[in-house]
Amino acid sequence: QVQLVESGGGLVQAGDSLRLSCGASGLTFGSAAMGWFRRDPGKARMFVAAITGSGRSTRYADSVKGRFTISRDNAKNTVYLQMNTLKPEDTAVYYCAASRRSDIATTPNDYWGQGTQVTVSS
């Protein structure tokens, strides 16, 4: 079965950076589009970023565009989310997601990791 494991969350100050990692197993990683979502306290899970299986195309939520970068290393079966200039409103549980497809015409949401907490203090 597909398993996704996030790591790299923590507590940081506003303006700081974090890099989240998500290791994947149980799927053909290079054929799977990957993404990141987050669940703000008391709110629904929201799209953050997505990347095609090849890594050639990406998509971002407007709220993180220019600050966050999604990338992947298919040799390591790992997807990353580099988060710069963090803001308190970025505080959330961040979830890694995988798709049964390689494209990101629709956001990947077929498989989910357990989540990692990111807290940004002012």
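1. A good place to start is aspartate 90, which touches Arg38, Arg67, Phe68, Thr85, Val118 and Val120, leaving aside residues up to four places away in sequence. Contact here means heavy atoms within 4.5 Å. Please bear in mind that this is a predicted model, where local features need pLDDT of at least 70 and side-chain atom pairs count only at pLDDT 80 or more, while totals for chains, interfaces and linings use all residues. Residues are numbered from 1 along each chain as its sequence is written, and side-chain values use heavy atoms, with hydrogens and water left out.

2. Where does aspartate 90 sit? Aspartate 90 is in the loop between strand 8 and strand 9; strands (E, at least two residues) are DSSP runs, numbered from the N terminus. Its relative accessible area is 0%, so aspartate 90 is buried. The scale used is buried under 20% relative accessible area, exposed over 50%, and partly exposed in between, with a 1.4 Å probe and protein chains only.

3. You may like the polar contacts of this residue. The side chains of aspartate 90 and arginine 67 are joined by one of 2.8 Å, and the side chain of aspartate 90 also reaches the backbone nitrogen of lysine 87 at 2.8 Å. A polar contact is a pair of N or O atoms within 3.5 Å; within protein, one must be able to donate a hydrogen and the other to accept it, and residues adjacent in sequence count only if both atoms are side-chain atoms.

4. Next, the sheet. Four strands make an open sheet in the order 1-3-8-7, with antiparallel pairing. Strand 1 (3-7) and strand 7 (68-73) are the edge strands, each pairing on one side only. From one strand to the next, the twist averages 15°, with axes being lines fitted to C-alpha atoms and angles running from 0 to 180 degrees between N-to-C directions.

5. Strand 7 and strand 8 (residues 78-83) run antiparallel and are joined by six bridges. Two strands pair if DSSP finds at least two bridges between them. Isoleucine 70 has leucine 81, in strand 8, as its bridge partner.

6. How many disulfides does a search of the whole structure find? The search finds one, a disulfide being a pair of cysteine sulfur atoms within 2.5 Å. Cysteine 22 and cysteine 96 form it, with their sulfur atoms 2.1 Å apart. The link is left-handed, with -80° about the S-S bond. Because cysteine 22 lies in strand 3 (residues 18-25) and cysteine 96 in strand 9 (residues 92-98), the pair ties together parts that are 74 residues apart in sequence.

7. Are the two cysteines buried or exposed? Cysteine 22 is buried, at 0% relative accessible area, and cysteine 96 counts as buried at 0% relative accessibility.
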